[in-house]
Amino acid sequence: MKENQFETIKKLDENGSEYWSSRELAKALEYTDYRNFLTAVNKAKVACENSGEVIHNHFVGTDEMVQIGSGAQKAIETIYLSRYACYLIVQNSDPTKVVVAKGQTYFAIQTRRQEKADNLIEDHNLIFLREEMKKHNTSLMKTASVAGVESFA
């Protein structure tokens with residue numbers, strides 16, 4: 001099965017957290033002019049803020065080094081994007097592009113998968129904590145029984 005183009009441009013930081021480069025995402029979404037892509041980014045930032053999220057948690061400005069003709073490197077401004085930021089960007093991108101529709105589908109599905117995984121982990125943690133509390137309460141009841149303290153139940 002062919003790997004999704006959005007998956008191929010995904011990067012991992014030193015902590016294993018995933019992110020995307022705005023420059024690479026712009027190319028993947030077939031924006032020939034990065035300035036036009038920034039319009040979608042700015043709309044996504046507004047949506048991010050209006051949803052109660054902290055913009056800088058999802059849109060991190062940085063400089064990337066790129067090769068120029070002479071073999072030297074030049075710093076260009078770019079933005080490192082979370083999955084959520086990418087989702088908001090594709091929702092605010094040019095809807096006439098087939099690749100944008102594919103991006104909307106990809107990020108919606110992946111975001112939902114991540115939510116389900118997070119919920120599953122949270123559910124497992126709650127079950128574990130409940131079991132630990134049961135053990136603790138049982139131990140307390142036994143201690144109280146041995147000490148001759150009556151139950152408050």
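In this predicted model, the largest nonpolar core has 27 residues, and the members touching the most others are Leu25, Leu29, Phe37, Phe59, Leu81 and Ile89. Five helices and strands, namely α2 (22-28), α3, β4, α4 and α5 (98-147), each put in at least two residues. The top contributor is α3, with 6 residues.

Let's zoom in on one of those well-connected members. Which residues does phenylalanine 37 contact, once neighbours within four places in sequence are set aside? They are Ser22, Leu25, Ala26, Leu29, Tyr31 and Ile89.

Now for the sheet. It's an open one of 4 strands, running β1-β2-β4-β3 with antiparallel pairing. The edges belong to β1 (11-12) and β3 (59-67); each has a single partner strand, so one side of each has no neighbour in the sheet. As general background, strands in a sheet pair through backbone hydrogen bonds, in either a parallel or an antiparallel way. Here, β3 and β4 (residues 73-81) pair antiparallel over 9 bridges. One handy spot to look at is valine 66, whose bridge partner in β4 is lysine 74.

Two helices pack on this sheet, and here's how they sit:

| Helix | Residues | Strands touched | Angle with β4 direction |
|---|---|---|---|
| α3 | 34-50 | β3 and β4 | about 35° |
| α4 | 83-91 | β2 (18-21), β3 and β4 | about 90° |

So what ties the two halves of this tour together? Helix α3 packs on the sheet and also gives the most to the core, while α4 packs on the sheet too and supplies at least two core residues.

Definitions and conventions: Residues numbered from 1 in each chain as written. Predicted model: local features only at pLDDT ≥ 70, side-chain atom pairs only at ≥ 80, totals over all residues. Heavy atoms only, no water. Pairing = 2+ DSSP bridges. Contact = heavy atoms within 4.5 Å. Axes fitted to C-alpha atoms, helices over the stretch in contact; angles between N-to-C directions. Core = buried A, V, L, I, M, F, W, Y, C linked by side-chain atoms within 4.5 Å. Buried < 20%, exposed > 50% of the residue type's maximum accessible area, 1.4 Å probe, protein only.
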